[in-house]
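Let's take a friendly walk around a ligand site and then look at the space inside the protein. Have the sequence and the 3D view at hand.

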Amino acid sequence: MNEMVLIYEKSEGIGTITLNRPDVLNALNAEMIDALSDALKNAERDEDVRSVVITGAGGNFSAGADISELIEKTPIHAGETARRIQEITMQIESMRKPVLAKIRGYCLGGGFEIALACDFRFASEDASFGFPEINLAIIPGGGGTQRLTRLIGKTEAAEILFTGERIRADKALSLHILNAVTSAAELDDAVNAFLKKLHAKSAVALSLLKRAINSGINMPLEHALMTEADCFTIAFATEDAQKNLKAFLKRRK
Ligand code: COA
């Protein structure tokens, strides 16, 4: 992993991945995308890591795909870059651990697409969100047209995608894009307190919840319900579940 474009740190069960090209507002180039994929794999395998935070250095999350790299590509190769960002988003969604985007400043294009794939999004008041691709006569290719629309519905998503205008954190919160908005000074504490609550739960049950939500959302309801029941069955069979269920009854007696 190249430490220059991405920093990976681990503390108190949280693996923090920091996009680190602050001079270009953490624009996503191929090197950073590969490093992000490696860091996610690393965090997935590490039993000490209970949850993952993706964030950006220098007061911004990411201003999207690196346009200076993109401009050199043929349409076919540019399409491959889009697919590569999609792969990262799918990697985030299929991870067994909760992934949270901690967002300050610009969260645009591919950066927004990565944030949308996370399970949770916490932002500071100075954050802004958007898909400026249309202003460049292109469109989002890393999942933005699909995930934003599925998350907030076609009416609001189309406005954001068609205008290319940025929305502020308070508006993103009201559209249910965000879980929480805090002052910049309070953001770290808010994220850590939230993740600490999750670390107290069964890791297996959390991973099954994540699978039920993320697989189910793309299936017809009938199949999604079967997936949910399968995940429930596996959770029920764990030692943790048996212990907690029995302990509950014992307390009541
Ligand atoms: N790709 C490559 N470089 C980028 C970038 C991107 N997506 N976004 C910003 N940068 C670079 C700028 O070129 C500039 O570099 P320079 O100092 O060498 O000139 C640096 O980051 C700072 O950006 P700047 O535009 O000067 O900051 P700003 O505060 O005036 O504007 C934005 C911020 C985000 C509004 C503006 O940078 C922008 O529109 N970026 C492109 C966003 C975009 O279209 N993303 C989708 C790409 S497909």
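How far is a nitrogen atom of the ligand from a polar backbone atom of A65? The distance is 2.9 Å. Please keep in mind that this is a predicted model.

A65 has company, as the table of backbone contacts to the ligand shows.

| Residue | Backbone atom | Ligand atom | Distance |
|---|---|---|---|
| A63 | polar backbone atom | nitrogen | 2.9 Å |
| A65 | polar backbone atom | nitrogen | 2.9 Å |
| I67 | backbone N or O | nitrogen | 2.9 Å |

Together with the rest of the protein, these residues leave part of the ligand open: on its own the ligand has 860 Å² of accessible area, and the protein covers 56% of that.

Now for the wider surroundings. There are 16 residues around the ligand, and those that come nearest are D23, V24, A63, A65 and I67. Sorted by class, the shell holds 11 nonpolar residues, 4 charged ones and 1 polar one.

What about enclosed space? Searching the whole structure turns up 1 cavity of 30 Å³ or more, and the largest cavity has a volume of about 40 Å³. Its lining is made up of L28, N29, A30, I33, A65, D66, E69, L70, K73 and T81. Two helices, α1 (30-45) and α2 (67-70), are the elements that each give two or more residues to this lining. By class, the lining has 5 nonpolar, 3 charged and 2 polar residues.

One residue links both parts of this tour: A65 is among those nearest the ligand, and A65 also lines the largest cavity.

Technical notes: Residues numbered from 1 in each chain as written. Predicted model: local features only at pLDDT ≥ 70, side-chain atom pairs only at ≥ 80, totals over all residues. Heavy atoms only, no water. Near = heavy atom within 4 Å. Polar contact = N/O pair within 3.5 Å; in protein donor to acceptor, adjacent residues only side chain to side chain. Areas by Shrake-Rupley, 256 points an atom, 1.4 Å probe, with all protein chains shown as cover. Nonpolar A, V, L, I, M, F, W, Y, C, P; charged D, E, K, R; others polar. 1 Å grid on protein atoms, 1.4 Å probe; cavity = no way out; pocket = protein on both sides within 12 Å on 5 of 7 lines; lining within 4 Å. Points joined across faces, edges and corners; volume = space filled by probe spheres on them. Helix = DSSP H or I, 4+ residues; strand = E, 2+ residues; numbered from the N terminus.
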